[in-house]
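Work through the two exercises below with the sequence and the 3D structure at hand. Each has a task sentence and a solution in steps.

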Amino acid sequence: MTSIKKYFKQQLTMKERMAVKSVAAAVVPYRLRYSNGIWSKFKFLENSQFYSIERQYGIQLQGLKETLQTAIKFNKYYRAVFSGIGLNEKEIEACSDIYGLLRQIPFLTKADVRNNLDILVNENVNSKAIVPKTTSGSTGKPLDFVNSKECLEWEMAFMWRHWANASRWRPGKKMAFLRTYIPRSNLKDPIWYYDPWTKIVWASAYNMNDENISVYVDMLIRKRPNVLVGYPSSIFILAEYLLRNRKSLEVGGVVTSSESLPDYQREVIEEAFQLSVAENYGLTERVVGLGKCSHGLGYHDWYEYGITEIVDENGDNVTTPGMTGEIVGTNFTNNKALPWIRYKTGDIAEYCEPFMCTCGSKLPIITKKIIGRTDDILFSNNGCRVPGVNFYTMFQQYVRQIKNFQLYQSDRDRIVIRLVVNDEYTSDIGEQFKSKIWQRVGRTMLLDIEIMDEIPREENGKYKCIKRDKEIDLFWKVNNAQEVVL
Ligand SMILES: [Zn+2]
(Lines give C-alpha, C1' and ligand atoms only; values in the text may rest on other atoms or scores of the structure.)
Protein backbone atom coordinates (compact mmCIF):
# COMPACT_ATOMS: atom_id res chain seq x y z
CA MET A 1 0.00 0.00 0.00
CA THR A 2 1.34 3.40 -0.82
CA SER A 3 1.96 5.72 2.10
CA ILE A 4 -0.81 8.12 0.99
CA LYS A 5 -3.31 5.28 0.84
CA LYS A 6 -2.09 4.02 4.20
CA TYR A 7 -2.43 7.47 5.74
CA PHE A 8 -5.88 7.84 4.23
CA LYS A 9 -6.97 4.50 5.67
CA GLN A 10 -5.31 4.61 9.05
CA GLN A 11 -5.16 8.22 10.16
CA LEU A 12 -8.30 9.93 8.91
CA THR A 13 -11.55 9.53 10.77
CA MET A 14 -14.30 7.79 8.85
CA LYS A 15 -16.12 11.11 8.46
CA GLU A 16 -13.02 12.69 6.89
CA ARG A 17 -12.43 9.72 4.62
CA MET A 18 -16.00 9.74 3.36
CA ALA A 19 -15.87 13.50 2.78
CA VAL A 20 -12.89 12.97 0.46
CA LYS A 21 -14.65 10.09 -1.27
CA SER A 22 -17.81 12.06 -1.80
CA VAL A 23 -15.85 14.81 -3.58
CA ALA A 24 -14.24 12.13 -5.76
CA ALA A 25 -17.60 10.45 -6.39
CA ALA A 26 -19.09 13.76 -7.52
CA VAL A 27 -16.59 14.04 -10.37
CA VAL A 28 -15.81 10.42 -11.34
CA PRO A 29 -18.67 8.48 -12.95
CA TYR A 30 -19.41 5.03 -11.45
CA ARG A 31 -18.32 3.30 -14.66
CA LEU A 32 -14.75 4.62 -14.18
CA ARG A 33 -14.49 3.59 -10.54
CA TYR A 34 -13.89 -0.04 -11.50
CA SER A 35 -11.35 -1.36 -13.99
CA ASN A 36 -12.18 -2.34 -17.54
CA GLY A 37 -11.09 -5.83 -16.52
CA ILE A 38 -13.94 -6.10 -14.03
CA TRP A 39 -16.55 -4.72 -16.41
CA SER A 40 -15.54 -6.98 -19.30
CA LYS A 41 -15.44 -10.06 -17.09
CA PHE A 42 -18.86 -9.20 -15.68
CA LYS A 43 -20.26 -8.80 -19.17
CA PHE A 44 -18.85 -12.20 -20.16
CA LEU A 45 -20.34 -13.85 -17.06
CA GLU A 46 -23.76 -12.32 -17.63
CA ASN A 47 -23.89 -14.16 -20.95
CA SER A 48 -21.97 -17.33 -20.11
CA GLN A 49 -24.49 -18.35 -17.44
CA PHE A 50 -26.89 -19.18 -20.28
CA TYR A 51 -24.48 -21.22 -22.44
CA SER A 52 -25.38 -24.81 -23.29
CA ILE A 53 -23.89 -27.63 -21.23
CA GLU A 54 -21.72 -28.61 -24.24
CA ARG A 55 -20.33 -25.10 -24.49
CA GLN A 56 -19.72 -25.02 -20.73
CA TYR A 57 -17.78 -28.27 -21.00
CA GLY A 58 -15.68 -26.78 -23.78
CA ILE A 59 -14.85 -23.73 -21.67
CA GLN A 60 -13.89 -25.91 -18.72
CA LEU A 61 -11.72 -28.19 -20.84
CA GLN A 62 -9.97 -25.18 -22.32
CA GLY A 63 -9.54 -23.62 -18.86
CA LEU A 64 -8.07 -26.83 -17.48
CA LYS A 65 -5.65 -27.22 -20.38
CA GLU A 66 -4.47 -23.64 -20.01
CA THR A 67 -3.99 -24.07 -16.28
CA LEU A 68 -1.96 -27.27 -16.69
CA GLN A 69 0.11 -25.94 -19.60
CA THR A 70 0.95 -22.78 -17.69
CA ALA A 71 1.92 -24.89 -14.68
CA ILE A 72 4.26 -27.04 -16.77
CA LYS A 73 5.89 -23.99 -18.32
CA PHE A 74 6.25 -21.72 -15.33
CA ASN A 75 5.82 -23.69 -12.12
CA LYS A 76 8.60 -25.67 -10.48
CA TYR A 77 6.31 -27.49 -8.05
CA TYR A 78 3.94 -28.75 -10.74
CA ARG A 79 6.74 -29.62 -13.15
CA ALA A 80 7.98 -32.08 -10.54
CA VAL A 81 4.45 -33.39 -9.86
CA PHE A 82 3.66 -33.84 -13.56
CA SER A 83 6.97 -35.45 -14.36
CA GLY A 84 6.37 -37.85 -11.44
CA ILE A 85 3.12 -39.04 -13.07
CA GLY A 86 4.46 -38.85 -16.63
CA LEU A 87 2.08 -36.09 -17.80
CA ASN A 88 3.40 -33.88 -20.58
CA GLU A 89 2.22 -30.95 -22.72
CA LYS A 90 1.30 -33.12 -25.69
CA GLU A 91 -0.94 -35.38 -23.62
CA ILE A 92 -2.65 -32.40 -22.04
CA GLU A 93 -3.28 -30.84 -25.44
CA ALA A 94 -4.73 -34.06 -26.84
CA CYS A 95 -7.09 -34.67 -23.92
CA SER A 96 -10.85 -34.35 -24.27
CA ASP A 97 -11.89 -35.95 -20.97
CA ILE A 98 -11.77 -33.45 -18.09
CA TYR A 99 -12.18 -35.91 -15.25
CA GLY A 100 -9.96 -38.52 -16.87
CA LEU A 101 -7.20 -35.93 -16.98
CA LEU A 102 -7.81 -34.66 -13.47
CA ARG A 103 -7.85 -38.14 -11.95
CA GLN A 104 -4.20 -38.62 -12.91
CA ILE A 105 -3.11 -35.61 -10.87
CA PRO A 106 -2.47 -35.89 -7.13
CA PHE A 107 -4.32 -33.60 -4.73
CA LEU A 108 -2.84 -30.37 -3.41
CA THR A 109 -3.24 -30.15 0.35
CA LYS A 110 -2.96 -27.16 2.66
CA ALA A 111 0.24 -28.75 4.01
CA ASP A 112 1.64 -28.91 0.45
CA VAL A 113 0.97 -25.19 0.04
CA ARG A 114 2.47 -24.38 3.41
CA ASN A 115 5.64 -26.39 2.74
CA ASN A 116 6.19 -25.40 -0.90
CA LEU A 117 4.96 -21.84 -1.25
CA ASP A 118 8.26 -20.61 -2.72
CA ILE A 119 8.03 -23.03 -5.65
CA LEU A 120 4.22 -22.97 -5.98
CA VAL A 121 4.23 -19.39 -7.24
CA ASN A 122 4.87 -19.22 -11.00
CA GLU A 123 8.45 -18.32 -11.93
CA ASN A 124 7.42 -15.70 -14.49
CA VAL A 125 5.06 -13.88 -12.17
CA ASN A 126 5.23 -10.10 -12.07
CA SER A 127 5.35 -9.01 -8.45
CA LYS A 128 3.20 -5.97 -9.31
CA ALA A 129 0.44 -8.24 -10.59
CA ILE A 130 0.01 -10.25 -7.41
CA VAL A 131 -1.38 -9.65 -3.94
CA PRO A 132 -0.07 -11.60 -0.94
CA LYS A 133 -2.83 -13.21 1.11
CA THR A 134 -3.17 -15.12 4.33
CA THR A 135 -6.12 -17.08 5.50
CA SER A 136 -6.77 -18.80 8.77
CA GLY A 137 -9.78 -20.53 7.22
CA SER A 138 -12.10 -22.80 9.08
CA THR A 139 -9.27 -24.92 10.42
CA GLY A 140 -7.78 -22.00 12.35
CA LYS A 141 -4.26 -22.59 11.01
CA PRO A 142 -2.73 -19.83 8.87
CA LEU A 143 -1.95 -20.33 5.21
CA ASP A 144 0.03 -17.90 3.04
CA PHE A 145 -0.44 -17.67 -0.73
CA VAL A 146 -0.79 -15.12 -3.54
CA ASN A 147 -3.68 -14.08 -5.73
CA SER A 148 -3.18 -12.43 -9.10
CA LYS A 149 -4.85 -9.06 -9.58
CA GLU A 150 -6.68 -10.62 -12.48
CA CYS A 151 -8.04 -13.27 -10.12
CA LEU A 152 -9.38 -10.55 -7.83
CA GLU A 153 -11.08 -8.88 -10.82
CA TRP A 154 -12.74 -12.17 -11.65
CA GLU A 155 -13.85 -12.47 -8.04
CA MET A 156 -15.57 -9.10 -8.15
CA ALA A 157 -17.24 -9.94 -11.47
CA PHE A 158 -18.54 -13.25 -10.11
CA MET A 159 -19.91 -11.54 -7.02
CA TRP A 160 -21.59 -8.86 -9.14
CA ARG A 161 -23.33 -11.54 -11.17
CA HIS A 162 -24.40 -13.38 -8.04
CA TRP A 163 -25.78 -10.26 -6.32
CA ALA A 164 -27.50 -9.12 -9.50
CA ASN A 165 -29.18 -12.51 -9.93
CA ALA A 166 -30.25 -12.65 -6.30
CA SER A 167 -31.71 -9.19 -5.86
CA ARG A 168 -32.76 -5.89 -7.38
CA TRP A 169 -29.13 -4.76 -7.34
CA ARG A 170 -27.19 -3.85 -10.50
CA PRO A 171 -23.73 -2.24 -10.67
CA GLY A 172 -24.14 1.40 -9.68
CA LYS A 173 -27.03 0.78 -7.29
CA LYS A 174 -26.91 0.93 -3.53
CA MET A 175 -25.95 -2.03 -1.31
CA ALA A 176 -25.73 -2.65 2.42
CA PHE A 177 -22.98 -4.80 3.95
CA LEU A 178 -23.26 -6.28 7.41
CA ARG A 179 -19.93 -8.03 7.60
CA THR A 180 -16.27 -7.00 7.88
CA TYR A 181 -16.46 -3.39 9.05
CA ILE A 182 -14.99 -2.81 12.53
CA PRO A 183 -15.29 0.71 13.99
CA ARG A 184 -11.93 1.92 15.39
CA SER A 185 -12.54 3.17 18.89
CA ASN A 186 -9.43 5.45 18.91
CA LEU A 187 -10.81 7.40 15.93
CA LYS A 188 -14.40 7.25 17.21
CA ASP A 189 -15.65 5.57 14.06
CA PRO A 190 -19.43 5.36 13.79
CA ILE A 191 -21.20 1.98 13.94
CA TRP A 192 -22.25 2.44 10.31
CA TYR A 193 -21.28 4.67 7.41
CA TYR A 194 -22.09 5.20 3.75
CA ASP A 195 -19.32 5.02 1.17
CA PRO A 196 -20.42 7.21 -1.77
CA TRP A 197 -17.64 5.85 -4.02
CA THR A 198 -18.81 2.22 -3.91
CA LYS A 199 -22.40 3.09 -2.96
CA ILE A 200 -22.19 0.68 -0.05
CA VAL A 201 -23.59 1.18 3.43
CA TRP A 202 -21.28 -0.57 5.89
CA ALA A 203 -22.69 -1.56 9.27
CA SER A 204 -20.61 -3.22 11.95
CA ALA A 205 -21.41 -6.84 12.69
CA TYR A 206 -19.60 -6.52 16.01
CA ASN A 207 -21.95 -4.22 17.83
CA MET A 208 -25.27 -5.87 17.42
CA ASN A 209 -27.22 -5.13 20.56
CA ASP A 210 -30.84 -3.98 20.39
CA GLU A 211 -29.99 -0.30 20.67
CA ASN A 212 -27.60 -0.38 17.72
CA ILE A 213 -29.80 -2.64 15.64
CA SER A 214 -32.63 -0.12 15.92
CA VAL A 215 -30.20 2.49 14.52
CA TYR A 216 -29.38 0.10 11.64
CA VAL A 217 -33.07 -0.44 10.91
CA ASP A 218 -33.80 3.30 10.71
CA MET A 219 -30.75 3.79 8.53
CA LEU A 220 -31.69 0.93 6.17
CA ILE A 221 -35.22 2.29 5.83
CA ARG A 222 -33.77 5.64 4.80
CA LYS A 223 -31.03 4.31 2.51
CA ARG A 224 -33.17 1.66 0.77
CA PRO A 225 -30.35 -0.67 -0.37
CA ASN A 226 -31.07 -2.95 -3.32
CA VAL A 227 -29.40 -5.87 -1.61
CA LEU A 228 -28.27 -6.71 1.92
CA VAL A 229 -25.07 -8.77 2.08
CA GLY A 230 -23.59 -10.24 5.25
CA TYR A 231 -22.64 -13.13 7.43
CA PRO A 232 -25.68 -15.34 7.96
CA SER A 233 -25.25 -15.01 11.70
CA SER A 234 -25.26 -11.18 11.58
CA ILE A 235 -28.25 -10.95 9.23
CA PHE A 236 -29.99 -13.49 11.41
CA ILE A 237 -29.47 -11.27 14.47
CA LEU A 238 -30.99 -8.34 12.57
CA ALA A 239 -33.91 -10.48 11.33
CA GLU A 240 -34.64 -11.82 14.77
CA TYR A 241 -34.80 -8.24 16.08
CA LEU A 242 -37.25 -7.28 13.32
CA LEU A 243 -39.57 -10.16 14.15
CA ARG A 244 -39.37 -9.61 17.88
CA ASN A 245 -40.19 -5.93 17.48
CA ARG A 246 -42.76 -6.50 14.73
CA LYS A 247 -40.88 -4.21 12.37
CA SER A 248 -40.66 -4.58 8.64
CA LEU A 249 -37.76 -3.64 6.45
CA GLU A 250 -37.61 -3.79 2.68
CA VAL A 251 -34.32 -4.72 1.06
CA GLY A 252 -34.08 -5.81 -2.56
CA GLY A 253 -32.57 -9.20 -1.69
CA VAL A 254 -30.49 -10.90 0.99
CA VAL A 255 -27.22 -12.68 0.23
CA THR A 256 -25.16 -14.48 2.86
CA SER A 257 -21.62 -15.82 2.62
CA SER A 258 -18.53 -16.89 4.62
CA GLU A 259 -20.47 -19.20 6.91
CA SER A 260 -22.98 -21.92 6.24
CA LEU A 261 -26.56 -20.82 6.80
CA PRO A 262 -28.29 -23.17 9.23
CA ASP A 263 -31.99 -23.81 8.61
CA TYR A 264 -33.07 -22.09 11.81
CA GLN A 265 -31.35 -18.89 10.69
CA ARG A 266 -32.71 -19.13 7.16
CA GLU A 267 -36.29 -19.45 8.40
CA VAL A 268 -36.03 -16.41 10.64
CA ILE A 269 -34.36 -14.29 7.91
CA GLU A 270 -36.90 -15.27 5.28
CA GLU A 271 -39.81 -14.54 7.57
CA ALA A 272 -38.42 -11.18 8.62
CA PHE A 273 -37.61 -9.96 5.10
CA GLN A 274 -40.38 -11.82 3.27
CA LEU A 275 -38.02 -13.14 0.62
CA SER A 276 -35.76 -16.10 -0.11
CA VAL A 277 -32.11 -15.84 0.89
CA ALA A 278 -29.32 -16.46 -1.62
CA GLU A 279 -25.94 -17.79 -0.48
CA ASN A 280 -22.53 -18.22 -1.90
CA TYR A 281 -19.68 -20.53 -1.06
CA GLY A 282 -16.07 -19.63 -1.72
CA LEU A 283 -12.66 -19.55 -0.09
CA THR A 284 -10.09 -16.81 0.41
CA GLU A 285 -7.83 -19.04 -1.70
CA ARG A 286 -10.34 -18.42 -4.56
CA VAL A 287 -10.47 -22.04 -5.62
CA VAL A 288 -14.15 -22.85 -5.76
CA GLY A 289 -17.16 -20.65 -6.55
CA LEU A 290 -20.69 -21.88 -5.90
CA GLY A 291 -23.87 -19.88 -5.48
CA LYS A 292 -27.27 -20.78 -4.12
CA CYS A 293 -29.98 -18.70 -5.78
CA SER A 294 -33.15 -17.56 -4.07
CA HIS A 295 -34.99 -20.67 -5.33
CA GLY A 296 -32.95 -22.53 -2.75
CA LEU A 297 -32.66 -25.87 -4.55
CA GLY A 298 -28.90 -26.14 -4.24
CA TYR A 299 -25.59 -24.59 -5.24
CA HIS A 300 -25.11 -23.50 -8.85
CA ASP A 301 -21.67 -24.37 -10.20
CA TRP A 302 -19.81 -21.26 -11.36
CA TYR A 303 -18.18 -23.39 -14.05
CA GLU A 304 -16.18 -20.45 -15.44
CA TYR A 305 -14.40 -20.19 -12.07
CA GLY A 306 -12.89 -23.67 -12.22
CA ILE A 307 -13.73 -27.33 -11.75
CA THR A 308 -15.31 -28.47 -8.52
CA GLU A 309 -15.08 -32.10 -7.50
CA ILE A 310 -16.50 -33.94 -4.50
CA VAL A 311 -14.19 -36.79 -3.51
CA ASP A 312 -14.45 -39.60 -0.98
CA GLU A 313 -11.76 -40.60 1.49
CA ASN A 314 -10.10 -42.84 -1.12
CA GLY A 315 -9.75 -39.85 -3.41
CA ASP A 316 -12.40 -41.07 -5.86
CA ASN A 317 -15.16 -38.81 -7.18
CA VAL A 318 -18.40 -39.34 -5.26
CA THR A 319 -21.09 -40.44 -7.70
CA THR A 320 -23.88 -41.62 -5.38
CA PRO A 321 -26.51 -38.94 -4.69
CA GLY A 322 -26.78 -38.19 -0.96
CA MET A 323 -23.23 -39.32 -0.21
CA THR A 324 -20.84 -36.75 1.14
CA GLY A 325 -17.24 -36.00 0.24
CA GLU A 326 -14.58 -33.32 0.41
CA ILE A 327 -14.79 -30.35 -1.92
CA VAL A 328 -11.76 -30.26 -4.23
CA GLY A 329 -11.18 -27.34 -6.56
CA THR A 330 -9.12 -26.63 -9.66
CA ASN A 331 -9.23 -22.92 -10.34
CA PHE A 332 -8.90 -21.08 -13.66
CA THR A 333 -8.69 -17.49 -12.48
CA ASN A 334 -5.42 -17.54 -10.52
CA ASN A 335 -3.35 -19.78 -12.78
CA LYS A 336 -1.01 -16.98 -13.85
CA ALA A 337 0.18 -16.55 -10.24
CA LEU A 338 -0.38 -19.72 -8.22
CA PRO A 339 -2.20 -22.59 -9.90
CA TRP A 340 -4.59 -24.37 -7.58
CA ILE A 341 -4.93 -27.82 -9.08
CA ARG A 342 -7.10 -30.37 -7.21
CA TYR A 343 -6.83 -28.37 -3.99
CA LYS A 344 -8.41 -30.08 -0.99
CA THR A 345 -10.52 -27.47 0.76
CA GLY A 346 -11.28 -29.42 3.93
CA ASP A 347 -14.98 -28.63 3.50
CA ILE A 348 -17.58 -31.31 3.04
CA ALA A 349 -20.50 -31.30 0.57
CA GLU A 350 -23.28 -33.70 -0.31
CA TYR A 351 -23.19 -34.96 -3.88
CA CYS A 352 -26.23 -34.75 -6.13
CA GLU A 353 -26.76 -35.65 -9.76
CA PRO A 354 -26.24 -32.29 -11.55
CA PHE A 355 -29.58 -30.73 -12.52
CA MET A 356 -31.07 -27.51 -13.82
CA CYS A 357 -32.67 -25.09 -11.39
CA THR A 358 -36.14 -23.61 -11.76
CA CYS A 359 -34.67 -20.08 -11.75
CA GLY A 360 -33.74 -20.20 -15.43
CA SER A 361 -29.96 -20.13 -14.98
CA LYS A 362 -28.05 -22.69 -17.01
CA LEU A 363 -25.39 -23.04 -14.32
CA PRO A 364 -26.04 -26.60 -13.13
CA ILE A 365 -26.67 -27.36 -9.48
CA ILE A 366 -23.98 -29.79 -8.30
CA THR A 367 -24.61 -30.01 -4.56
CA LYS A 368 -27.66 -29.38 -2.42
CA LYS A 369 -25.83 -29.07 0.83
CA ILE A 370 -22.44 -27.91 2.09
CA ILE A 371 -21.81 -29.36 5.50
CA GLY A 372 -18.49 -27.78 6.43
CA ARG A 373 -17.84 -24.37 7.87
CA THR A 374 -20.41 -24.30 10.58
CA ASP A 375 -19.12 -21.19 12.25
CA ASP A 376 -20.97 -20.07 15.26
CA ILE A 377 -21.96 -17.14 17.36
CA LEU A 378 -20.56 -16.06 20.71
CA PHE A 379 -23.03 -14.56 23.16
CA SER A 380 -21.79 -11.74 25.30
CA ASN A 381 -23.50 -10.90 28.55
CA ASN A 382 -24.27 -7.31 27.42
CA GLY A 383 -26.86 -8.57 24.98
CA CYS A 384 -24.66 -8.73 21.86
CA ARG A 385 -24.27 -11.74 19.67
CA VAL A 386 -20.97 -11.79 17.82
CA PRO A 387 -20.62 -13.86 14.64
CA GLY A 388 -17.67 -16.19 15.00
CA VAL A 389 -16.22 -15.71 11.54
CA ASN A 390 -15.27 -12.15 12.49
CA PHE A 391 -12.48 -13.44 14.67
CA TYR A 392 -10.64 -15.01 11.73
CA THR A 393 -9.77 -11.60 10.32
CA MET A 394 -8.51 -10.48 13.70
CA PHE A 395 -6.41 -13.61 14.06
CA GLN A 396 -4.71 -12.97 10.72
CA GLN A 397 -2.67 -10.16 12.28
CA TYR A 398 -1.06 -12.64 14.67
CA VAL A 399 -0.31 -15.54 12.38
CA ARG A 400 3.41 -15.15 13.09
CA GLN A 401 2.97 -15.56 16.82
CA ILE A 402 -0.10 -17.72 17.20
CA LYS A 403 -0.32 -20.96 15.33
CA ASN A 404 -3.84 -21.89 16.16
CA PHE A 405 -6.67 -20.67 18.32
CA GLN A 406 -10.04 -21.54 19.69
CA LEU A 407 -12.47 -19.29 21.52
CA TYR A 408 -14.35 -21.46 23.93
CA GLN A 409 -17.30 -19.93 25.71
CA SER A 410 -17.48 -21.97 28.87
CA ASP A 411 -20.36 -20.04 30.39
CA ARG A 412 -22.37 -16.89 29.77
CA ASP A 413 -19.73 -14.56 31.24
CA ARG A 414 -16.51 -16.31 30.33
CA ILE A 415 -14.55 -17.06 27.19
CA VAL A 416 -11.43 -19.17 27.29
CA ILE A 417 -8.94 -18.11 24.60
CA ARG A 418 -7.11 -21.29 23.74
CA LEU A 419 -3.85 -20.62 21.93
CA VAL A 420 -1.19 -22.75 20.34
CA VAL A 421 1.79 -20.39 20.14
CA ASN A 422 5.30 -20.33 18.72
CA ASP A 423 8.58 -18.71 19.84
CA GLU A 424 7.62 -15.18 18.78
CA TYR A 425 4.65 -15.16 21.14
CA THR A 426 4.90 -12.99 24.26
CA SER A 427 2.42 -12.21 27.00
CA ASP A 428 2.02 -8.73 25.44
CA ILE A 429 0.67 -10.37 22.30
CA GLY A 430 -1.76 -12.29 24.49
CA GLU A 431 -2.94 -9.03 26.08
CA GLN A 432 -3.39 -7.41 22.65
CA PHE A 433 -5.36 -10.42 21.48
CA LYS A 434 -7.50 -10.16 24.60
CA SER A 435 -8.25 -6.46 24.15
CA LYS A 436 -9.30 -7.04 20.53
CA ILE A 437 -11.71 -9.70 21.67
CA TRP A 438 -13.03 -7.34 24.34
CA GLN A 439 -13.72 -4.76 21.61
CA ARG A 440 -16.00 -7.32 20.04
CA VAL A 441 -17.71 -8.97 23.00
CA GLY A 442 -17.67 -6.14 25.56
CA ARG A 443 -15.56 -5.56 28.69
CA THR A 444 -18.06 -7.31 30.91
CA MET A 445 -16.97 -10.71 29.63
CA LEU A 446 -14.21 -12.52 31.50
CA LEU A 447 -11.41 -13.66 29.22
CA ASP A 448 -8.86 -16.30 30.16
CA ILE A 449 -5.88 -17.29 28.05
CA GLU A 450 -4.98 -20.94 28.00
CA ILE A 451 -1.80 -21.95 26.15
CA MET A 452 -2.13 -25.45 24.75
CA ASP A 453 0.09 -27.84 22.80
CA GLU A 454 -2.73 -28.68 20.48
CA ILE A 455 -6.37 -27.80 20.15
CA PRO A 456 -8.41 -30.97 20.20
CA ARG A 457 -10.39 -31.77 17.10
CA GLU A 458 -14.13 -32.35 17.11
CA GLU A 459 -15.68 -35.74 16.49
CA ASN A 460 -15.87 -35.00 12.76
CA GLY A 461 -12.11 -34.43 12.68
CA LYS A 462 -12.28 -30.66 12.17
CA TYR A 463 -11.12 -27.89 14.41
CA LYS A 464 -13.76 -25.62 15.76
CA CYS A 465 -12.50 -22.07 16.18
CA ILE A 466 -15.60 -21.00 18.01
CA LYS A 467 -17.04 -23.38 20.53
CA ARG A 468 -19.74 -22.93 23.13
CA ASP A 469 -20.64 -25.05 26.07
CA LYS A 470 -23.79 -27.03 25.31
CA GLU A 471 -25.69 -25.42 28.18
CA ILE A 472 -25.21 -21.96 26.64
CA ASP A 473 -26.69 -23.32 23.43
CA LEU A 474 -29.65 -24.55 25.40
CA PHE A 475 -30.05 -21.24 27.23
CA TRP A 476 -30.00 -19.35 23.96
CA LYS A 477 -32.36 -21.67 22.10
CA VAL A 478 -34.99 -21.55 24.85
CA ASN A 479 -34.83 -17.77 25.12
CA ASN A 480 -34.58 -17.22 21.42
CA ALA A 481 -37.56 -19.44 20.70
CA GLN A 482 -39.63 -17.37 23.12
CA GLU A 483 -38.48 -14.20 21.47
CA VAL A 484 -39.17 -15.04 17.88
CA VAL A 485 -42.51 -16.81 18.21
CA LEU A 486 -45.06 -14.05 17.55
ZN1 LIG B 1 -31.34 -21.24 -9.33
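**Exercise 1.** Describe how helix α3 packs against helix α9.

Step 1. Helix α3 (residues 36-48) and helix α9 (residues 149-166) pack with their axes 8 Å apart, at an angle of about 45°. Axes are lines fitted to C-alpha atoms, for helices over the stretch in contact, and angles run from 0 to 180 degrees between N-to-C directions. Helices (H or I, at least four residues) and strands (E, at least two) are DSSP runs numbered from the N terminus.

Step 2. That angle makes α3 oblique to α9; under 35 degrees counts as roughly parallel, over 145 as roughly antiparallel, 65 to 115 as roughly perpendicular, and the rest as oblique.

Step 3. On the α3 side the contact includes G37, I38 and F42, and on the α9 side W154, F158 and R161. Contact requires C-beta atoms, placed from the backbone, within 7 Å.

The model is predicted: local features need pLDDT of at least 70, side-chain atom pairs count only at pLDDT 80 or more, and totals for chains, interfaces and linings use all residues. Residues are numbered from 1 along each chain as its sequence is written.

**Exercise 2.** Which strands stand at the edges of the 12-strand sheet, and where does α9 pack on the sheet?

Step 1. The open sheet runs β4-β5-β3-β6-β7-β8-β9-β10-β14-β13-β12-β11, with mixed pairing. Two strands pair if DSSP finds at least two bridges between them.

Step 2. β4 (192-195) and β11 (306-311) are at the edges; each has a single partner strand, so one side of each lacks a neighbour in the sheet.

Step 3. Inside the order, β10 (residues 299-301) and β14 (residues 365-370) pair in the antiparallel sense over 2 bridges, and H300 stands opposite I365.

Step 4. α9 touches β6, β7, β8 and β9, and its direction makes about 140° with that of β7.

Note on methods. Two residues are in contact if their C-beta atoms, placed from the backbone, lie within 7 Å.
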